[in-house]
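Here is a quick walk through the charged pairs, the contact between chains and the overall build of this one. Have a look at the sequence and the model first.

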2 protein chains.
Amino acid sequence: MKEVAIGVDIGGTNTIAGIVDRSGNILARVCFSTVKGNHSIEDYFETLSKNVNGLYGQANEEFSVKGMGIGAPDGNYYSGNIENAANLPWKGTIKVIELCRKYFAFPAVLTNDANAAAIGEMIYGGAIGMKDFIVITIGTGLGSGIVVNGQLLLGSDSFAGEMGHTVIDENGRLCGCGMHGCLETYVSATGIRRTVWELMAKYNIPSAFDDITFSELSAKQISEAAERGDKIALEAFEYTGRILGRKIAEAIAYFSPQAVFLYGGLALAGELILKPVRLSAEKNTLQNFKNKVKILPSAIPESGAAILGAAALVWKEFE
Amino acid sequence: MKEVAIGVDIGGTNTIAGIVDRSGNILARVCFSTVKGNHSIEDYFETLSKNVNGLYGQANEEFSVKGMGIGAPDGNYYSGNIENAANLPWKGTIKVIELCRKYFAFPAVLTNDANAAAIGEMIYGGAIGMKDFIVITIGTGLGSGIVVNGQLLLGSDSFAGEMGHTVIDENGRLCGCGMHGCLETYVSATGIRRTVWELMAKYNIPSAFDDITFSELSAKQISEAAERGDKIALEAFEYTGRILGRKIAEAIAYFSPQAVFLYGGLALAGELILKPVRLSAEKNTLQNFKNKVKILPSAIPESGAAILGAAALVWKEFE
């Protein structure tokens, strides 16, 4: 019988779950509100279990479930808990793996979303066959999943890979974490919006953003404006890419990876971001590493990325 | 019979070799010129083999040799070669492990000196029992040996751990590598000398360095002056420690280690350097990591450090 994995991505707004086979075909999928009606974490697991059971009927073939992979903000691989997640409605320690044992008959594995993206890239994406690579996830914030010698870099407590909170400039932008100049204050959907505002203040020239509020502005609008040749938007991508490239050069010096993959919102802007990233990474890289490390967009199809990343954990962990 | 390892540290000036047992006792040791009389690499291996054979007679007990560990600048673990080492007299690719097979009857393993220091710390030093830690070696330059889940981080080509060439300030000091603002231009024996000169220029106040040339100045003189309360020297340590602390906070965000060890010349200045390092690392560290990661001086006795690090490779590799 065909073996499949259940992939579950717990987001602050929605949870996405799906059944995925070893080749990355999504046989069934569902999306439901993480928050609505789920006052306690037990309520949430009731909802999750109902939705996962509902998936079985959707698939057109017989299968056996190998396990469940869960990607979640602040998911701790070692403890199996989500700990103090700022973006989830339940506070303190959520004993995810313990709850999975109660609600599901198959084994489960948990990690944070950036790590799930890295394993997704390794099992289903552009990193197949690679043992050393980095996936940088660029969304509202910036995360990184780092694979070293074929294994996820977790560190002593599963919190390794906090690239978003390595510092560009200690007198720089205030970060939500309380520090100044963290990478994600520059390179993220929010970061590039801050850059647009900074450039509008600097140049005071007509731009696509003159009649938009900060709250309304999205990274997608900035990339559309750049494609139309808007100067502020073009320079915002240039600036963002230059900073990310410097940081990638730094990560290359630490890790000497085969490739660095960019995943998520900003990465979809294609050459607008990739070109300045590659130039700046190459410029700031030691001779030893020059022309060696590929910087690529994620090869995971965007529509199923979260499900595929979470499902991939199962093959990595239980196969 | 007692098993021992031969540890060989190939330096630009001298080679140090010794016989070391599993507990870290150095049963015999020798030091000879790397350069003198060794015009070709074959000449060098003749000299090395004579010196290693000479060690056997020195030891007071019977033993069998488990293997030879070699630490060398630009030593590549994967290829077994030293590649384009700036500080060694032989150019191009030196096939170290191949030559070892010709000259010695036991297996040999090669890596760079910072990696050897990290394995030394794990087998004989303060990292016994640790699976995730970083050793920062501070000498003429700055190197790092990074252990992840019990294994040396080598990366795709054995060149991982180039922390000395991660950048503090892209408009900063010119580095020997051609880039600007590399960590080792600030934090190294040379780096702190540059800082002293910069501070003398900035303040123009009487200091211990008014009658010393740049060539004469050593890191040891700076730490002696600081202990006597010299303002320039004290601020030089403060400044150096602050920069190193920021970079350690960065490495903590990437790796989430249990501890960071400082090894080599500058680390011997004790609290002069450790205090500002710890303050600055703590200040620049994410909430998640605060008060968790120990920053410690290496626990390897300085006198035998290079031999112990190289010998430790043998137990890590062949045991």
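Let's start inside a helix: Lys247(B) and Glu250(B) both sit in α6 of chain B (residues 231-255), 3 residues apart, which is about one turn of the helix. Keep in mind that this is a predicted model. The two side chains meet in a salt bridge, with N to O at 3.0 Å. Are these two partners buried or exposed? Lys247(B) counts as buried because its relative accessibility is 1%, and Glu250(B) is also buried, at 6%. The pair isn't on its own, either: Lys247(A), Glu250(A), Lys247(B) and Glu250(B) are linked in a network of salt bridges. As a general point, side chains of opposite charge can pair when their charged atoms come close.

Over all chains, the structure holds 24 salt bridges. Here are some of them, side by side.

| Pair | Closest N to O |
|---|---|
| Glu170(A) and Arg246(B) | 2.9 Å |
| Glu61(A) and Lys2(A) | 3.3 Å |
| Lys2(B) and Asp21(B) | 2.9 Å |
| Lys247(B) and Glu250(B) | 3.0 Å |

Take the Glu61(A) and Lys2(A) salt bridge. This pair links distant parts of the chain, 59 residues apart: Glu61(A) is in the loop between α1 (41-58) and β4 (63-71) of chain A, while Lys2(A) belongs to strand β1 (residues 2-10) of chain A. Glu61(A) counts as partly exposed, given its 39% relative accessibility, and Lys2(A) is partly exposed too, with a relative accessible area of 30%.

In chain B, Lys2(B) forms a salt bridge with Asp21(B). Lys2(B) lies in strand β1 (residues 2-10) and Asp21(B) in strand β2 (residues 14-21) of chain B, so the salt bridge ties together parts 19 residues apart in sequence. Accessibility splits this pair: Lys2(B) is partly exposed at 29%, whereas Asp21(B) is buried at 2%.

Now for the contact between the chains. Chain A puts in 36 residues and chain B puts in 36 residues. The size of an interface is often given as the accessible area lost when the parts come together. Here the area buried between chain A and chain B is about 3100 Å², and carbon and sulfur atoms give 57% of that. Which residues of chain A lose the most area to chain B? They are Glu170(A), Tyr254(A) and Leu286(A), together 22% of what that side buries. Glu170(A) also turns up in a salt bridge with Arg246(B).

The rule finds 6 salt bridges across the interface of chain A and chain B, and there are 16 residue pairs in polar contact between the two chains. On the side of chain A that touches chain B, β9 (142-148) and α6 (231-255) each supply at least two residues. The most comes from α6(A), with 7 residues. By class, that side has 17 nonpolar, 10 polar and 9 charged residues.

Finally, chain A as a whole. Its secondary structure comes to 8 helices and 12 strands, and its C-alpha atoms fill a box of roughly 60 × 45 × 35 Å along the principal axes. A compact globule of 319 residues would have a radius of gyration near 20 Å, and chain A agrees, since it has 20 Å. Of its 319 residues, 57% count as buried. Among contacts in chain A with a separation of 6 or more, 62% come from residues 24 or more positions apart.

Key: Residues are numbered from 1 along each chain as its sequence is written. Chains are lettered from A and ligands numbered from 1 in the order in which they are written. This is a predicted model: local features need pLDDT of at least 70, side-chain atom pairs count only at pLDDT 80 or more; totals for chains, interfaces and linings use all residues. Side-chain values use heavy atoms; hydrogens and water are left out. Contact means heavy atoms within 4.5 Å. Buried area is the accessible area (1.4 Å probe) that two parts lose on being put together, summed over both. A salt bridge is a side-chain nitrogen of Lys or Arg within 4 Å of a carboxyl oxygen of Asp or Glu. A polar contact is a pair of N or O atoms within 3.5 Å; within protein, one must be able to donate a hydrogen and the other to accept it, and residues adjacent in sequence count only if both atoms are side-chain atoms. Helices (H or I, at least four residues) and strands (E, at least two) are DSSP runs, numbered from the N terminus. Ala, Val, Leu, Ile, Met, Phe, Trp, Tyr, Cys and Pro count as nonpolar, Asp, Glu, Lys and Arg as charged, and the others, Gly among them, as polar. The radius of gyration is taken over C-alpha atoms; the globule rule is 2.2 Å times the number of residues to the power 0.38. Buried means under 20% relative accessible area, exposed over 50%, partly exposed in between (1.4 Å probe, protein chains only).
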